[in-house]
Amino acid sequence: MSSKQNTTAAFVRTDMLAQKAPPTGQVGAVRWVRENLVSSPLNIVLTLLGVSAVYFLITHLGPWFTNSIWNAGSLAECRAILDGKSGACFGVIKDRWHQLLFGFYPQDSYWRPTLAFVLMVVAMAPVLFEAVPRKVLWFSAVFPAVAFWLLWGGTIWLPALAMLGFAIGYAAFVLLQRVSPLVAVIGAVLAPVVWWLFVSGPLSEAMAGIIPIGLPAIQSHEFGGFMISIIIGVTGIALSLPIGILLALGRQSDMPLVKWICVGFIEFIRGVPLITLLFTASLLLNYFLPPGTNFDIVLRVIIMVTLFAAAYMAEVVRGGFAALPRGQYEAADALGLDYWKSQRLILLPQALKISIPGIVNTFIGLFKDTTLVVFIGILDPIGLSSAIRADSNWNGIFMELYAFIALCFFIFCFGMSRYSQYLEGKLKTDHH
Amino acid sequence: MSDAMADRKLDRSQMQVSDEVAIQITNMNKWYGTFHVLRDIDLTVNRGERIVIAGPSGSGKSTLIRCINRLEAHQQGQIIVDGTELTSDLKNIDKVRSEVGMVFQHFNLFPHLTILENLTLAPIWVRKTPKKEAEEVAMHYLNKVKIPEQAHKYPGMLSGGQQQRVAIARSLCMKPRIMLFDEPTSALDPEMIKEVLDTMIELAEEGMTMLCVTHEMGFAQAVANRVIFMDQGQIVEQNNPHDFFNNPQSERTKLFLSQILGH
């Protein structure tokens, strides 16, 4: 009698089967090719098409890169060297890289944005990677003021006193906590706003008169290139996530006023193109501001880009909240956690984890959308490529500049994409 | 009937019902929209009582115990838990919730936190217990539910029975005076039901005030001092387990018992 189970004959297993290794199949390159490239007639056709496409690209683009000229002062010189052959003229990058990076920022001050960029990497490290000591977060907190001072220059007192506003808000919160939590929140918002609007400006002028520490001031219209893309992109990314989270929470709120303000904001901002918001920032806003107010154009653009991304972010985060089982809310409630604690400790970490792909999507979109500022006269890399062409030396050069700009954007965006995958892997908790 | 209880002899030395009232529900009504889900509920639970609430699905038994820690709000009547009346006052609600432990059908552990973090979260953030002390308490209760070796794993890596025991330990870490169980074994494989019931029996032996919505009639007979039968949002019959099972009074109860015990 075989050991197969039979419906009529009784069967009792006397010894349990031990684990066996799976059957060893054929391995190696030949098998891979057979299974993946030539497994069926259709597959063979597709493989041939794919190979010829790759061949076409290499034979046509290859010489353009291999013949490329890096040492040329003008397009004419470049063409003379090439002598009719196909080839890229990357001499323009070598000649004008500083403009593509810094725009018309004064050359003797290039160290300022460069230092700001290096410090930005330091400030981002503890936010992105757990292994970095937590104390570096203090630097991350003051970095915005440091970067502002390095980039725009002027007296150090303005950014320093602006930072002090946050400390004042915190102090107000702690002091008023004794009165009531609601009063504490109102105080924490009002105190710094009053400080920024009425006190910090005159005080910083006074302080600058007494202790003049400062860098030469540089105006926003001198900013340009990847520097401006990174300033707008990074600020927008850093601000849009917290604002988006607050909007998402507000949209779910039980308080009708909060809810409808958030819904109205999100739907309005999502319903208009970014370019109209940018035109509003550059043209219309001046009509609403008191005459003579000098509201920095870069700051206005940052606000618009941030609000735009925040509206998308709010919906992405809301999707994350919606994916959480009802039981998570109930378990947090049942343990006696109040609203903010259960949001911060239980719901938000899970909702954000679910939303990572969507959040990074929005970040990447925001970063690439910074190129739209060219339409309101800010010289981002695309704008500078036109400016470079305006020089008779480089009149008529397109592909090389665009390829370089595309490569730089790709590095940033691909970096964000890889980081999001790393983060998703790190936060995975559902397997052994 | 479940025979999970068969091999267990209860230590009744500490299973004392005192005169002190733990939960007082008076003339309570609740609606979901226009649907009258709980009708004129009157229930007094004394400290040390072990009450099993049974009834067909949709009878409102889960809703009843979820009203006791205000996961559901009632619209009429009064619920007083440990001397605190449940109203829309958030302070009172948080106070009651930190005194009343709850165990859910689907465990509801926090998947992004380790077992130990699941257990220490509420003590640290609600009770302001120092982290080290909270971890000691957590390990004590993990030992009690017999899975201390899982402390640093994530909930997703544990079996259903283990997760439910962690959920019980998580509630116990808040040192609750009352425990609510909402069908704690309904989502478990039969092999795992016993390990969870054993944990609940140990709690009962220590004199915990317990309200359990469950279909484990063996547990009800062995552990409960009172069985409540609910149907259509109202309490139809309540009695000690012996009389409830052997001598049910209402026709509805008889029908229910014949359906769940009849085979």
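1. In this predicted model, the area buried between chain B and chain A (the accessible area, with a 1.4 Å probe, that the two parts lose on being put together, summed over both) is about 2000 Å², and carbon and sulfur atoms give 63% of that area. Local features need pLDDT of at least 70 and side-chain atom pairs count only at pLDDT 80 or more, whereas totals for chains, interfaces and linings use all residues. Residues are numbered from 1 along each chain as its sequence is written, chains are lettered from A in the order in which they are written, and side-chain values use heavy atoms, with hydrogens and water left out.

2. Contact (heavy atoms within 4.5 Å) joins 24 residues of chain B to 21 residues of chain A. Between the two chains the count is 1 salt bridge, that is, a side-chain nitrogen of Lys or Arg within 4 Å of a carboxyl oxygen of Asp or Glu; the side chains of R66(B) and E330(A) meet in a salt bridge at 2.6 Å, N to O.

3. E330(A) is also one of the buried residues of α13(A), a helix spanning residues 326–334 of chain A (helices being DSSP runs of H or I, at least four residues, and strands runs of E, at least two, numbered from the N terminus). This helix is mostly covered, with 7 of its 9 residues buried, meaning under 20% relative accessible area with a 1.4 Å probe, protein chains only.

4. The buried residues of α13(A) pack against α12 (297–322) and α14 (339–369) of chain A, and also against α1 (61–68), α2, β6 and α5 (160–172) of chain B.

Technical notes
Buried means under 20% relative accessible area, exposed over 50%, partly exposed in between (1.4 Å probe, protein chains only).
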